[in-house]
Amino acid sequence: MSVDSIRFGEVDLTTCDREPIHIPGSIQPHGVLLVVDRRDLAVEQVAGDTRLLLGLDPQRLPGHSVAGLLDAEGTAFVSARLGVAAEFIPPITRLAVRSRLGALPLDLTLHAIDRTALLELEPARRTSGSAGDPIAQLKTLLAAVQVAASVDESCAAAATALRAATGFDRAMVYRFLPDQSGVIVAENARAGLESFLGLHYPASDIPQQARELYRRNWLRTIADIDYVAAPLLPAINPRTRLPIDMSHCALRSVSPIHIEYLRNMRVSASLSASIVCQDRLWGMLVLHHYSPRQVSADVRNACETFAQMFSLHVETKTQAETSVARLRARHDLEELFGGASDARDARDMGAVIERWNLPRYLGASGAAVYLDGRQHRIGHTPAPADIDALLRWLNGINRPLLATGHLAAQYPPAAAFPELASGLVAVRLSREPRDYVLWFRPEIGLTVRWAGDPSKSVKVGPLGERLTPRGSFAEWREVTRMQSAPWSEVDLEAAEALRVALLEWVLRGMDMARREQLEQRVGERTEQLRKLASDLEAVEERERRQIARDLHDDLGQVLAAARIRLAGLCSSDHAEVRATADAVGALIDRASDSIRSLAAQLAPAVLHELGLFPALEWLGEEIERTFGLKVTTTDDGRAKPLSHEVRAILYRAVRELLINVAKHAHTDAARVETLLQQACIVIRVTDAGVGYDASIGVAPTHRGLGLISVRERLALIGGSAQVLSTPGGGTVALLSAPLSAEEVAPGAGAP
């Protein structure tokens with residue numbers, strides 16, 4: 001079967017990844033779809049029971065104007081929304097509109113792509129009482145996840161709150177794994193149902209084109225898997241001569257493959273909402289019901305808005321957890337090299353490493369360092385002879401960093417010691433001699449619980465020689481052998497950081513003769529590392545500005561869309577609904593304000609447009625607003641030309657110092673002064689807080705890493721940082737950086 005000949009509903013599992021699910025040509029029959037020309041609001045195509053909802057047979061509707069089908073209020077809403085000058089109008093809902101000939105109140109959802117608009121009409125359904133109020137439920141859903149301390153806790157809270165809000169029999173959070181398979185990470189189900197928590201599903205269960213649709217469209221529902229699809233009449237749009245794209249259509253008919261999949265699970269109705277982080281499909285919120293269940297438009301809107309906010313919450317929590325892991329690894333590295341300052345040769349360094357808990361640095365069970373022909377082993381490792389053989393293999397493949405959770409698959413001799421080294425991270429320290437640092441993880445004997453045997457995912461179905469979804473979802477266990485826990489991205493970053501640090505130490509520790517021969521190369525390498533660090537700083541700054549733009553533009557648009565959806569409820573005839581909608585609107589407004597503030601702090605426009613000192617004045621106002629710390633800023637009035645890189649680093653350094661003061665100095669005021677001294681700018685940050693004993697060489701733990709970061713970043717630009725402090729006597733931080741030697745661009749003359 002060629003790609004061009006594949007049609008919706010005429011596929012099996014060998015071709016379902018190419019099924020055009022966005023153009024099904026039909027809808028679920030509990031509503032009506034009108035395809036309308038935006039220019040004249042004339043109906044071009046129809047689907048569904050139009051006689052029940054609109055009082056006219058479907059054959060009579062093409063050519064009718066929307067004004068002849070809906071009352072004046074509904075027509076005005078459609079006309080206003082479709083009159084917006086935009087190629088794409090996202091779905092927006094109006095509750096309880098009236099048709100001119102039909103007897104039922106209707107919920108209307110519309111969206112448009114280019115000139116074509118899709119109007120979806122469903123009988124209005126409301127649940128009495130506050131428990132059925134979608135706005136109140138949205139507030140409950142948001143409150144449930146806000147108090148969660150981690151991603152896992154957030155997922156568990158989301159599953160519990162979603163089932164309570166919607167009344168479905170089962171609510172789950174499904175997370176995609178790196179190999180594109182998925183796992184149920186959270187679940188809440190009614191009593192008597194078998195638990196799916198922890199079950200894995202193969203990647204083939206959700207074809208690639210379905211994942212792409214889920215990334216673009218937040219919500220999908222199926223009211224009854226036994227529905228008879230209502231075809232679109234005519235099937236091809238008479239104006240465009242093309243099938244209608246229903247990607248954003250709530251009534252969109254669903255692939256028979258997916259219907260059969262749900263039927264095999266004995267599910268009758270479902271709702272799924274996407275979890276999208278950094279524009280990638282992270283997972284899904286999945287609801288199952290074991291009898292037909294229709295979800296009203298207002299509840300769907302509440303679930304969609306929650307999915308959008310939950311996606312942001314998961315993204316933020318994930319980034320925070322990663323940041324904590326990076327900070328811990330950095331602290332451990334500083335601890336190692338704090339104790340290695342007196343090491344003069346490989347023997348001394350080996351002794352330091354043996355005393356330090358090197359396995360903990362990467363969460364390993366054992367580690368080995370090969371320096372200058374000597375092995376240093378810590379924890380549970382293979383025997384020295386096995387490590388020597390492993391090193392010969394590593395020398396043969398000649399890679400600076402190797403990470404694997406299944407060493408025996410690449411290096412078969414490792415099958416002899418899986419309890420010691422099923423996982424390996426190896427970093428090469430030099431070319432000649434070839435020194436290495438190795439970390440080992442043991443076999444974990446991981447038991448993967450699959451929802452059915454993934455190797456028996458197909459069978460011959462009722463349509464003849466056609467492959468269909470597997471019929472059994474009974475738990476099937478697969479025990480992995482000779483595999484360790486996977487290495488994380490943070491693990492690999494930490495390994496590379498140690499490699500660079502040890503490489504620098506190895507170069508410093510060479511004997512004088514070799515040092516003289518390699519002095520020029522060492523200088524070049526150091527300069528390369530400094531340039532790399534400088535480039536990374538510039539990349540970080542660009543990423544901050546990009547994140548700020550993404551927060552302001554993308555998430556701002558999402559919140560604006562949510563605000564627009566609430567507008568319909570704000571005009572409701574029910575005072576309680578209006579009041580609750582106003583309250584949620586206020587929450588969205590506060591979230592918008594917070595996003596604007598965070599975007600400004602990540603990349604303040606004033607820094608790049610007006611210069612450093614205006615940016616520091618703005619920063620002082622932000623610190624006072626956020627922490628209540630009164631910041632006074634002064635400048636000596638003398639010109640201080642600075643490059644963009646120096647401005648950014650100085651601004652970040654002052655921000656770090658002021659946050660430290662606000663959090664730890666126990667004072668209500670601080671002072672920031674900018675001065676010109678010789679060919680340098682000097683910034684003095686002063687507070688009269690509790691201070692600390694600066695004679696010990698490092699600030700308390702809650703300040704130390706921040707000050708170290710400030711010193712490192714200033715060193716990249718030839719600057720410095722000095723801190724003067726005594727217990728009870730306050731703290732003075734002095735930052736300095738060289739002025740720019742180049743002509744300063746207009747608008748950048750002020751520091």
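Student: What makes strand 14 and strand 18 count as paired?

Tutor: In this predicted model, strand 14 (residues 366-371) and strand 18 (residues 436-441) are joined by five bridges and run antiparallel. Pairing requires at least two bridges, so the five found here satisfy the requirement. One of the contributing partnerships links alanine 367 to tryptophan 439 in strand 18.

Student: To which sheet do these strands belong, and in what order do the strands stand?

Tutor: They belong to an open sheet of five strands, ordered 15-14-18-17-16, with antiparallel pairing. On average, neighbouring strands of this sheet are turned by 10 degrees against each other, direction ignored.

Student: Why are strand 15 and strand 16 said to stand at the edges?

Tutor: Strand 15 (374-379) and strand 16 (401-404) each have a single partner strand, so one side of each lacks a neighbour in the sheet.

Student: What does helix 10 touch in this sheet?

Tutor: Helix 10 (residues 384-397) packs on the sheet and touches strand 14, strand 15, strand 16, strand 17 (423-428) and strand 18. To be in contact, heavy atoms must lie within 4.5 Å. The direction of helix 10 makes about 115 degrees with that of strand 18.

Student: How is the sheet that contains strand 5 and strand 6 arranged?

Tutor: That open sheet has five strands in the order 3-2-6-5-4, with antiparallel pairing. Strand 3 (42-48) and strand 4 (88-97) form its edges, each having a single partner strand, so one side of each has no neighbour in the sheet. The twist averages 20 degrees from one strand to the next.

Student: How do you know that strand 5 and strand 6 are partners?

Tutor: Strand 5 (residues 106-113) and strand 6 (residues 116-123) run antiparallel and are joined by eight bridges. At least two are needed, and therefore the strands are paired. Leucine 110 has leucine 119 of strand 6 as its bridge partner. Helix 2 (residues 72-82) lies across strand 4, strand 5 and strand 6, and runs at about 170 degrees to strand 4.

Student: Why is the link between arginine 51 and aspartate 57 called a salt bridge?

Tutor: The closest N and O atoms of arginine 51 and aspartate 57 are 2.8 Å apart. The limit is 4 Å between a side-chain nitrogen of Lys or Arg and a carboxyl oxygen of Asp or Glu, so the pair qualifies. Side chains of opposite charge can pair when their charged atoms come close.

Student: Are arginine 51 and aspartate 57 buried, exposed or partly exposed?

Tutor: Arginine 51 has 52% relative accessibility, and exposed means over 50%, so arginine 51 is exposed. Aspartate 57 has 25%, which falls between 20% and 50%, so aspartate 57 is partly exposed.

Student: What do the salt bridges of glutamate 187 and aspartate 279 tie together?

Tutor: Glutamate 187 meets arginine 170 at 2.5 Å, N to O. Glutamate 187 lies in strand 8 (residues 182-189) and arginine 170 in strand 7 (residues 170-176), so this pair ties together parts 17 residues apart in sequence. Both of these residues are buried. Aspartate 279 meets arginine 215 at 2.9 Å, N to O. Aspartate 279 sits in the loop between strand 12 (269-277) and strand 13 (280-289), and arginine 215 in helix 5 (residues 208-216), so the pair ties together parts 64 residues apart in sequence.

Student: How many salt bridges does the whole structure hold?

Tutor: A search of the whole structure finds 22 salt bridges. Asp37, Glu44, Arg115 and Arg239 are linked in a network of them.

Student: Why is aspartate 687 classified as it is, buried or exposed?

Tutor: Aspartate 687 has a relative accessible area of 7%. Buried means under 20%, so aspartate 687 is buried. Aspartate 687 belongs to strand 25 (residues 680-687). Leaving aside neighbours within four places in sequence, its contacts include Val661, Ala665 and Gly730.

Student: Which residues have the most contacts inside the largest nonpolar core?

Tutor: This core has 61 residues, and those with the most contacts inside it are Leu285, Phe306 and Phe310. Helix 4 (residues 151-166) supplies its largest share, eight residues. Apart from this core lies another, of 36 residues, among them Leu607 and Ile681. In soluble globular proteins, nonpolar side chains tend to be buried together.

Conventions
Residues are numbered from 1 along each chain as its sequence is written. This is a predicted model: local features need pLDDT of at least 70, side-chain atom pairs count only at pLDDT 80 or more; totals for chains, interfaces and linings use all residues. Side-chain values use heavy atoms; hydrogens and water are left out. Helices (H or I, at least four residues) and strands (E, at least two) are DSSP runs, numbered from the N terminus. Axes are lines fitted to C-alpha atoms, for helices over the stretch in contact, and angles run from 0 to 180 degrees between N-to-C directions. A nonpolar core is a set of buried Ala, Val, Leu, Ile, Met, Phe, Trp, Tyr and Cys residues joined through side-chain atoms within 4.5 Å. Buried means under 20% relative accessible area, exposed over 50%, partly exposed in between (1.4 Å probe, protein chains only).
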